[in-house]
Amino acid sequence: KTKVVKSTLHPTFDSKMEFVGSNPATEIIFRLWDWDRLTANDIIGEYKVRLSDILGRSPPNMDYEPPGDGFPICDKEGAAPTAHLRVKIMWRPVPVRTASK
């Protein structure tokens with residue numbers, strides 16, 4: 001979860017998060033919500049990306065940025081994007097531990 005950025009239609013979050021996962025089928029889900037002072041927050045949309053998609057597009061320890069406007073955020077599957085999410089993603093291989101004698 002990032003901080004709330006108020007009073008703008010083009011927020012910049014500048015957040016760093018770390019996810020640990022080794023299964024290439026793992027999905028990372030980005031969900032965007034609006035912020036409402038007096039009513040419940042509403043979901044703007046989401047984008048799902050599999051770890052295998054990132055692994056195939058970026059070498060380890062290098063930033064990956066999706067091309068163009070970024071990840072399309074859609075409120076419903078197959079709908080036109082309601083927003084775009086620009087992110088930098090870096091993956092690092094998990095060191096393999098060997099059994100000690």
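The exchange below goes through the fold, the core, one loop residue and a pocket of this predicted model.

Colleague: In what order do the elements of the protein run from the N terminus on?

Modeller: The secondary structure of the protein comes to 1 helix and 4 strands. Taken from the N terminus on, these elements follow the order β-β-α-β-β.

Colleague: Why is the protein described as more spread out than a compact globule, and what is its radius of gyration?

Modeller: Along the principal axes, the C-alpha atoms occupy a box of roughly 60 × 25 × 20 Å, and buried residues make up 17% of the 101 residues. For 101 residues the globule rule gives 13 Å, and the protein is called more spread out than a compact globule because its radius of gyration lies well over that figure, at 17 Å.

Colleague: Which element gives the most to the largest nonpolar core?

Modeller: In soluble globular proteins, nonpolar side chains tend to be buried together. Here the largest such core has 10 residues, namely I28, F30, L32, V49, I54, F71, I73, L85, V87 and I89. At least two residues of this core come from each of β1 (27-33) and β3 (71-73), and the element that gives the most, with 3 residues, is β1.

Colleague: Leaving aside its neighbours within four places in sequence, which residues is V49 in contact with?

Modeller: V49 belongs to the largest nonpolar core, as do I28, F30 and I54. Once its neighbours within four places in sequence are set aside, the contacts of V49 are with T26, E27, I28, F30 and I54.

Colleague: Is N61 buried, partly exposed or exposed, and at what relative accessibility?

Modeller: N61 is found in the loop between α1 (51-57) and β3, and it has a positive phi of about 60 degrees although it is not a glycine. Most residues other than glycine have a negative phi. As for accessibility, partly exposed covers the range between the 20% and 50% cut-offs, so N61 counts as partly exposed, at 44%.

Colleague: Which strand gives the most to the lining of the second largest pocket?

Modeller: The second largest pocket, with a volume of about 170 Å³, is lined by E46, Y47, K48, P72, C74, D75, K76, E77 and G78. By class, this lining has 5 charged, 3 nonpolar and 1 polar residues. The strand that gives the most to the lining, with 3 residues, spans residues 43-50 and is β2.

Colleague: What share of the contacts with a separation of 6 or more joins residues 24 or more positions apart?

Modeller: The contacts considered here are those in the protein with a separation of 6 or more. Among these, residues 24 or more positions apart account for 42%.

Definitions and conventions: Residues numbered from 1 in each chain as written. Predicted model: local features only at pLDDT ≥ 70, side-chain atom pairs only at ≥ 80, totals over all residues. Heavy atoms only, no water. 1 Å grid on protein atoms, 1.4 Å probe; cavity = no way out; pocket = protein on both sides within 12 Å on 5 of 7 lines; lining within 4 Å. Points joined across faces, edges and corners; volume = space filled by probe spheres on them. Nonpolar A, V, L, I, M, F, W, Y, C, P; charged D, E, K, R; others polar. Core = buried A, V, L, I, M, F, W, Y, C linked by side-chain atoms within 4.5 Å. Buried < 20%, exposed > 50% of the residue type's maximum accessible area, 1.4 Å probe, protein only. Contact = heavy atoms within 4.5 Å. Rg over C-alpha atoms; globule rule 2.2 N^0.38 Å.
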